[in-house]
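Biologist: Please take a close look at the aromatic pair on the third helix. Then follow the chains outward from there to their contacts.

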Amino acid sequence: MQIDDLQYLLGMAGTVAFAATAVAAVAPKGIDLFGATVMGVITAIGGGTIRDVILDVPVFWASDLNYIWVAMFASMLAFLANKLMTHGQVYRSMLYLDALGVSMFAIQATHKGIELPFALPLGPLILGIITAIGGGLIRDTLAGNQTLLMRNELYAVPVTIGCIGYLILMHVSPESAVINGACCMLLIFFLRAAAIHWNLRVPGWLLTKTTQP
Amino acid sequence: MQIDDLQYLLGMAGTVAFAATAVAAVAPKGIDLFGATVMGVITAIGGGTIRDVILDVPVFWASDLNYIWVAMFASMLAFLANKLMTHGQVYRSMLYLDALGVSMFAIQATHKGIELPFALPLGPLILGIITAIGGGLIRDTLAGNQTLLMRNELYAVPVTIGCIGYLILMHVSPESAVINGACCMLLIFFLRAAAIHWNLRVPGWLLTKTTQP
Amino acid sequence: MQIDDLQYLLGMAGTVAFAATAVAAVAPKGIDLFGATVMGVITAIGGGTIRDVILDVPVFWASDLNYIWVAMFASMLAFLANKLMTHGQVYRSMLYLDALGVSMFAIQATHKGIELPFALPLGPLILGIITAIGGGLIRDTLAGNQTLLMRNELYAVPVTIGCIGYLILMHVSPESAVINGACCMLLIFFLRAAAIHWNLRVPGWLLTKTTQP
């Protein structure tokens, strides 16, 4: 019960983070309160919605509207914060919260894929990646920003490593899902936090062009 | 029976409007007849298709292909009209027809959400907004135009007001769906028409940047 | 049995082609190995996934992960090839393979629509077009490239002609699906190959603007 509570709390924290970073990401282009809220909600629930549509299960927010309410209020607060604070301050601190959200959502989706089970072994990995980056891809597309796939950021790579790790751990010891999940969440979070902190990017020899854009 | 007929007629008028404004919106970039038709059809059925996929019900146009036929012919006519008339004339008159379509589709989708029922009370509102603006978002994305979420137009706001109004009216007097729907459709239409006529935009203090882009 | 094998082989060839051309299409913008792989996989399975979601059937790759594996390795090889060869060489030869993939996927999807049956007569045609161009539209959108709907290329037109041809042939002689399919696949392939070879574009009078962009 306590673990479910913690998971739920982390899910809500992730929702807050996704919504708030979405607003911070589009704010420099000049967006209104309504557009910001729609953008925040789409980003927060987008990845999970695509996952549920592919799995052909009811969308997760239909049975728990708290995800929508939380995303709405977080977006509005982020809109206000963007009016009051300088953009850099807000955005930087949001990135770490976003890293927490990503790690949470990625492992949750991978777990959902293992439990069903859906198209093992690749299926849960695909679900994890879609859930983690889907909302952000929709956000960047709707905002006319470069999507993260083109930015050579270490964003999806930590997610992929963590999800593969979880798949392996669940294969080795399927009974200890909680510990496995916690370890892989932390792995994703710290890899992503390191990428934010040291501004790490994909090395040049792993790029089709050697100059960073 | 007569009310169903009227509703059907309005739905078709909305389809014509969505398809034709889509073609008018992408025409200045230089599109061919085939691309224009695909764009028109996607815009006309896109929002409703996303709604039905989220609701996990069969897509609405599968059981009534008239939606597709009408969208196809409207797109082709709009293509021709764009060759013959000046762009401004066509587009301006289309905007009012589009406002009618938006008001119709928004209330129809909200009603569908209440009837099912789907994730009350927020669910029907989300469906109404998705159905009204979804097709336009896909159109702008595929055409490489700025999406309406970033344009500070009063487009989604009238839709939201009307859908919330319908939810409240249906809570107060669920037996008078027809009158409730008609009132809220007119509300959306007139708010949107006013925004078009006086070129109203979201006020500056509701923007993250005070200068309009 | 042999025909199923051939069909499967063609499907895999199409998957390779879609993944590899996707990587080649985004490579000039500077993408990393991971982004390239995600882009390749999304392009290869995107159109078919939208088709299956609209049909409300399980996504095709869930029951046969070879589509994902093949798309992944083809993307990685294409990434390597883009580092080693000049871009023009790779891309040009890929276009013909892509034409094969398109023709295969379009007829396959149309056939699926006829068999179900789904919204005859327009339904299978829509499925054919979505499956053939859906992945490419997602790819161009995520990469920030102009989508093919705006490029006046003869890409979707050959697909449409072939799919309509298949619908007519299947109406006339439904028992000879294999021959019908082969003919229409070849028709799409040769029309598309001709468009690539002679760099054919949509004629000016079928454009909203007479100057090519």
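**The aromatic pair and its surroundings**

Modeller: C:Trp69 is partly exposed, because its relative accessibility of 32% lies between the 20% limit for buried and the 50% limit for exposed. The model is a predicted one, so every value here is computed from predicted coordinates. C:Phe73 is also partly exposed, at 47% relative accessible area. C:Trp69 and C:Phe73 sit four residues apart in helix H3 (residues 66–84) of chain C, so about one helical turn separates them.

Now the wider count. Over all chains, a search of the whole structure turns up 18 aromatic pairs. In A:Trp69 and A:Phe73, the ring centres are 6.4 Å apart and the planes meet at 15 degrees, so this pair is stacked. The angle falls under the 30 degrees that stacking requires, and the distance is within the 6.5 Å cut-off for a pair. A:Trp69 and A:Phe73 lie four residues apart in helix H3 (residues 66–84) of chain A, which puts about one helical turn between them. A:Trp69 is partly exposed, with 34% relative accessible area. A:Phe73 is partly exposed as well, with 48%. Back in chain C, C:Trp69 and C:Phe73 form a stacked pair, with 6.4 Å from centre to centre and 15 degrees between the planes.

Chain A also has an aromatic cluster. Its members are A:Tyr8, A:Phe60 and A:Tyr67.

Next, one position on the first helix. A:Gln7 belongs to helix H1 (residues 2–26) of chain A. A:Gln7 is partly exposed, with a relative accessible area of 34%. Setting aside neighbours within four places in sequence, A:Gln7 is in contact with A:Met104 and A:Gln108. The C-alpha atoms of A:Gln7 and A:Ala182 are 10.0 Å apart, although these positions lie 175 residues apart along the chain.

Now outward to the chain contacts. Start with chain A against chain B. Chain A gives 27 residues to this contact, and chain B gives 27 residues. The buried area is about 2,300 Å², with 74% of it from carbon and sulfur atoms. Three residues lead on the chain A side: A:Asp32, A:Phe34 and A:Leu142 supply 24% of the area that chain A buries against chain B, more than any other three residues. Zero salt bridges are found across the interface of chain A and chain B. One residue pair is in polar contact there, with both residues at pLDDT 80 or more. On the side of chain A that touches chain B, helix H2 (33–55), H3 and helix H5 (122–143) of chain A each supply at least two residues. H2(A) gives the largest share of that side, seven residues. By class, the side of chain A that touches chain B has 19 nonpolar, four polar and four charged residues.

Turn to chain C against chain B. This contact takes 27 residues from chain C and 27 residues from chain B. About 2,300 Å² is buried between chain C and chain B, and carbon and sulfur atoms give 74% of that. Here C:Leu149, C:Met150 and C:Thr208 supply 29% of the area that chain C buries against chain B, more than any other three residues. The salt-bridge count across the interface of chain C and chain B is zero. One residue pair makes a polar contact across it, with both residues at pLDDT 80 or more. Helix H2 (33–55), helix H5 (122–143) and helix H6 (156–172) of chain C are the elements that give two or more residues to the side of chain C that touches chain B. H5(C) gives the largest share, six residues. The side of chain C that touches chain B divides into 18 nonpolar, seven polar and two charged residues.

Last, the backbone. Most residues other than glycine have a negative phi, and most peptide bonds are trans. In chain B, the peptide bond from B:Leu116 to B:Pro117 is cis, with omega near -10 degrees. B:Pro117 is in the loop between helix H4 (87–115) and helix H5 (122–143) of chain B. The bond from B:Leu120 to B:Pro121 is cis too, with omega near 0 degrees. B:Pro121 is in the loop between H4 and H5 of chain B.

A:Asn199 has a positive phi, near 50 degrees. A:Asn199 lies in the segment after helix H7 (177–197) of chain A, and counts as exposed at 55% relative accessibility. B:Asn199 also has phi near 50 degrees. B:Asn199 lies in the segment after helix H7 (177–197) of chain B, and is exposed at 57%.

Definitions and conventions:
Residues are numbered from 1 along each chain as its sequence is written. Chains are lettered from A and ligands numbered from 1 in the order in which they are written. This is a predicted model: local features need pLDDT of at least 70, side-chain atom pairs count only at pLDDT 80 or more; totals for chains, interfaces and linings use all residues. Side-chain values use heavy atoms; hydrogens and water are left out. Rings of Phe, Tyr and Trp (its six-membered ring) pair if their centres lie within 6.5 Å; planes under 30 degrees apart count as stacked, over 60 as edge-to-face and the rest as tilted. Buried means under 20% relative accessible area, exposed over 50%, partly exposed in between (1.4 Å probe, protein chains only). Contact means heavy atoms within 4.5 Å. Buried area is the accessible area (1.4 Å probe) that two parts lose on being put together, summed over both. A salt bridge is a side-chain nitrogen of Lys or Arg within 4 Å of a carboxyl oxygen of Asp or Glu. A polar contact is a pair of N or O atoms within 3.5 Å; within protein, one must be able to donate a hydrogen and the other to accept it, and residues adjacent in sequence count only if both atoms are side-chain atoms. Ala, Val, Leu, Ile, Met, Phe, Trp, Tyr, Cys and Pro count as nonpolar, Asp, Glu, Lys and Arg as charged, and the others, Gly among them, as polar.
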